[in-house]
Amino acid sequence: MSSPAKLIRRLGVFVALLALIVVMLGLRLVDFQVVRAAEIQQESMKARSVLNTLTALRGQIVDSQDQVLARTVFRYDVNVAPKNVGPVFKTVDGVKIELSVEQITRELAAILGLPFEEIAPKLIGDSEYANIAKKVNADIYNQIRDLGIPWVYTDTFSDRLYPDGAVAGNVIGFVGADGTPLAGLELQYNPCLAGVDGQEAFERSPDGVRIPSSTITTQPTEDGGTLKLTIDSNLQFFAQQVMADTVNDTGAKWASAIVMEAKTGRVLAAAEAPSVDPNDPAGVEAADRGSRIFQTAFEPGSIMKSLTAAMVVDTGTADEFDTRPAPDYMKLDFAGGSIKDSFDHEEYKLTLAGVLRYSSNTGISNFGIDIPSETRYKYLEKFGFGTESEIHFEGESSGILHPYKTWDKMTNYATMFGQGISVTTIQMASAYQAIANGGVRLDPVLVDSCTKSDGTVVQVAPQSSTRVVKESTADLTLELMEKVVEFGGVGKTAQIPGYRVGGKTGTAQLQEGTGYGSQYAISFYGIAPIEDPEFIVGVSIYKPIGASNSAGTTAPFKAIMQQVLKTYRVPPSTTKSRNIPSNKFGLADAPN
Amino acid sequence: MAVFMVSQSEAKRLRPNLMAGVIFIAGIIGVYIAILVLNMVLTQDAYHLRELKIQQRNLATQVQIIQEEVDSLGSPQNLADAANRLGMVANPASVLLDIEKDKVFGSPKPADPSKVTLASGNLVPNSVMGTTSEFSAATVASTEVDEGVAPLVSGGSEVVLASGLIPASPTR
């Protein structure tokens, strides 16, 4: 029989052992929960948790009517795991059928539009990855998914789609295969368009289901903003059609047309030919992928004369009745200096309107030379020449306007009729805008606003204005330009029935080596309606085959201006032009 | 530690209450069942959520497919081609009616295909124009508007066409 003392000893041993076990478990617990806690937790999280990058969607580019010109879409790469390739069992209408690898391959080939022979070899091997098609659209993706083949899988990525193709393609620009913006507004306005990628972490069960309430968003996604342009895509399309037609007809290297709103400086169309389809920029030569309207400067030629005429009027040098002699050839007061008109004629006596009507180089020189070169230079600066336009397009050219102090004696004359100076189309359109807008030049606008994904609207830049010439000067200059369209040899073909139109032709000989060659850049810049100017349309054609005057430019000008007036419901003019002298004797012709 | 010897009656008194034990055990089981049910509901919801997300993704894909079709049909290139197939000619001469001032601007002239300076076909490339309008002059002729609309005779209007009538719009 055991004594109570023995019982107590045994119990003591038991309790001690129990205590030891508790202490050991406790130590282990401390080890797991405290000492190695972080490490273990990390390991466990690794097994369950997923870190996901939430790709921000690049914003849209829309035209002035909110028509989408660029959007982000999803595209899919179709891949297989050759290691797992094998027949697939499917139950169709309760009947279990076996699809052989060959059958599946034929179905894939049919969906992807690829030859069977191209896909079949890619399915052989031990690897876990082989790509069979890249960048397929959502429709094909759906068909592939519906096949339900376990060893075919897809990778989704976002891609850029330009639904209207080459409409405004030259200004919109494009992105690279990896989504990097490479040109145009896509590049210039990347900070607006690109979003900020987000990141989320969550845990999931072995079968891939997300464990509820485990999501931690470490960085919220911010989608890109919407970039709104001033471009009217329908008008833009029309102008591009006209330009493409012009290049086809004239065999020119390129042609461009710009439409600007007179009272706002907004660019409604910036059309070029050849044009680039941003969906396939490689489809055209590298030189045709940018926007020449902003990036290419050339000597404008006679379209500059309207601006020189405005300077003559503004400085009080002459009015619409004053005349100057205009021979077809004129020797200048320095060795080797001479100026020629584009056609032979007896000596004319021309008013400013006459100078524009006959596009006389000698005539404009005899008017303009009375203005000091410094004054003319300052006017040219205020018209916007010599500096990039306020649009600051990607890779924009500032043209060339040499300081007046460096002008040689010939340049001093040549700048009056558009030589010795090079300008971009946007600069010239902006200068004409000043004339059309009562002498006040407004910063040209191509991008209206950027609307962030949260709805805040950011105006791109405040518009500033510069008074270039007096309002009376601008109004008179318009009347002078009207005589070009009323009576000018080529200008007459720019007439639009029902509307008062003013404009100026330009035939600039292009430099070849050190002198001028036999090729031309021909232009026509016009404004309508003259009594209350609404629009400026400028057309330039570069190196048209066989053309030595600006006749090729008036038909496209007329087509575009007519379309603009129709689109914006501008009522026909109800007033008549003033009877200003413009003939070769310095007298007025009977109105047409 | 000490062990105490007690009498039988005392032991009976000290024995734990059976009822309390049952309630305690039942409580624990109850809590476990509640946790289990809650977990099941949550898990079910997780699966339901996953299903809905898949559905959402599929619908988003569907939207994208349709959007691309609409984009393509709405592109100016498709519209120009379709209009051209129908034999439509753009009329550069416009006539505007000012309803408020009761005034007509311009004189109407029929469009003359031979005088349109534009090439008729589309010249602006668009490599993503996948879906195009199917109608043509032939298909539209078969759905011609019926003769229910009589041409309106212009009652002393300033607008005078060659025929002396303003053609009525087929829109009703």
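**Notebook: the A–B interface, the domains of chain A, and selected residues**

I looked up the salt bridges between chain B and chain A and found a count of two. I note at the outset that this is a predicted model.

**Entry 1. The chain interface**

After the salt bridges, I turned to the elements on the chain B side. Helix H2 (18-74) and helix H3 (76-85) of chain B are the elements that give two or more residues to the side touching chain A. H2(B) gives the most to that side, with 15 residues. I sorted the residues of this side of chain B by class and recorded 18 nonpolar, 16 polar and five charged.

I then recorded the extent of the contact. On chain B, 39 residues are in contact with 47 residues of chain A. The size of an interface is often given as the accessible area lost when the parts come together. For chain B and chain A, I noted a buried area of about 3500 Å², with 60% of it from carbon and sulfur atoms. I also looked up polar contacts across this interface and found 11 residue pairs, both members at pLDDT 80 or more.

**Entry 2. The two inter-chain salt bridges**

Which residue of chain A forms a salt bridge with B:Asp71? I found A:Arg71, with the closest N and O atoms 2.8 Å apart. This pair joins two chains, because B:Asp71 lies in helix H2 of chain B and A:Arg71 in strand E3 (residues 68-80) of chain A. I checked the accessibility of each partner. B:Asp71 has a relative accessible area of 11% and is therefore buried. A:Arg71, at 10%, is buried as well.

The second pair I looked up is B:Glu68 with A:Arg75, whose closest N and O atoms are 2.9 Å apart. This pair also crosses between chains, running from helix H2 of chain B to strand E3 of chain A. Are B:Glu68 and A:Arg75 buried or exposed? I recorded both as buried.

In helix H2 of chain B I also looked up B:Glu69. B:Glu69 has a relative accessible area of 37%, so I entered B:Glu69 as partly exposed. I noted that B:Glu69 and B:Val128 are 59 residues apart along the chain, while their C-alpha atoms are separated by 9.9 Å.

**Entry 3. Salt bridges elsewhere**

A search of the whole structure gave 26 salt bridges over all chains. One that I followed up is between the side chains of A:Lys584 and A:Glu346, at 3.7 Å from N to O. A:Lys584 lies in the segment after H18 of chain A and A:Glu346 in the loop between strand E16 (338-340) and strand E17 (348-350), so this pair ties together parts that are 238 residues apart in sequence. I entered A:Lys584 as partly exposed because its relative accessibility is 27%. A:Glu346 is likewise partly exposed, at 44%. I also noted that salt bridges with shared partners join A:Arg28, A:Asp31 and A:Arg36 into one network.

**Entry 4. The domains of chain A**

I took the division of chain A as domain 1 (53-222) and domain 2 (233-567). Taken over C-alpha atoms, the centres of these two domains are separated by 48 Å. On domain 1, 25 residues are in contact with 28 residues of domain 2. The two domains bury about 2000 Å² between them, with 62% of it on carbon and sulfur atoms. Which three residues supply more than any other three of the area that domain 1 buries against domain 2? I found A:Asn170, A:Val171 and A:Phe174, which supply 30%.

How many salt bridges are there between domain 1 and domain 2 of chain A? I recorded zero. Polar contacts are present across this interface, with 10 residue pairs found, both members at pLDDT 80 or more. Strand E7 (152-161), helix H6 (169-172) and helix H7 (184-188) of chain A each supply at least two residues of the domain 1 side. H7(A) gives the most to that side, with four residues. By class, I recorded 13 nonpolar, eight polar and four charged residues on the domain 1 side.

**Entry 5. Two serines of chain A**

I located A:Ser582 in the segment after helix H18 (551-567). A:Ser582 has a relative accessible area of 0% and is therefore buried. Leaving aside neighbours within four places in sequence, A:Ser582 has contacts that include A:Thr351, A:Arg357, A:Lys483 and A:Phe487.

I located A:Ser306 in helix H11 (residues 305-314) of chain A. A:Ser306 counts as buried because its relative accessibility is 0%. With neighbours within four places in sequence left aside, I listed its contacts as A:Leu356, A:Tyr432, A:Thr477, A:Met481 and A:Lys504.

Methods:
Residues are numbered from 1 along each chain as its sequence is written. Chains are lettered from A and ligands numbered from 1 in the order in which they are written. This is a predicted model: local features need pLDDT of at least 70, side-chain atom pairs count only at pLDDT 80 or more; totals for chains, interfaces and linings use all residues. Side-chain values use heavy atoms; hydrogens and water are left out. Contact means heavy atoms within 4.5 Å. Buried area is the accessible area (1.4 Å probe) that two parts lose on being put together, summed over both. A salt bridge is a side-chain nitrogen of Lys or Arg within 4 Å of a carboxyl oxygen of Asp or Glu. A polar contact is a pair of N or O atoms within 3.5 Å; within protein, one must be able to donate a hydrogen and the other to accept it, and residues adjacent in sequence count only if both atoms are side-chain atoms. Ala, Val, Leu, Ile, Met, Phe, Trp, Tyr, Cys and Pro count as nonpolar, Asp, Glu, Lys and Arg as charged, and the others, Gly among them, as polar. Buried means under 20% relative accessible area, exposed over 50%, partly exposed in between (1.4 Å probe, protein chains only). Domain bounds come from an automatic or database domain assignment.
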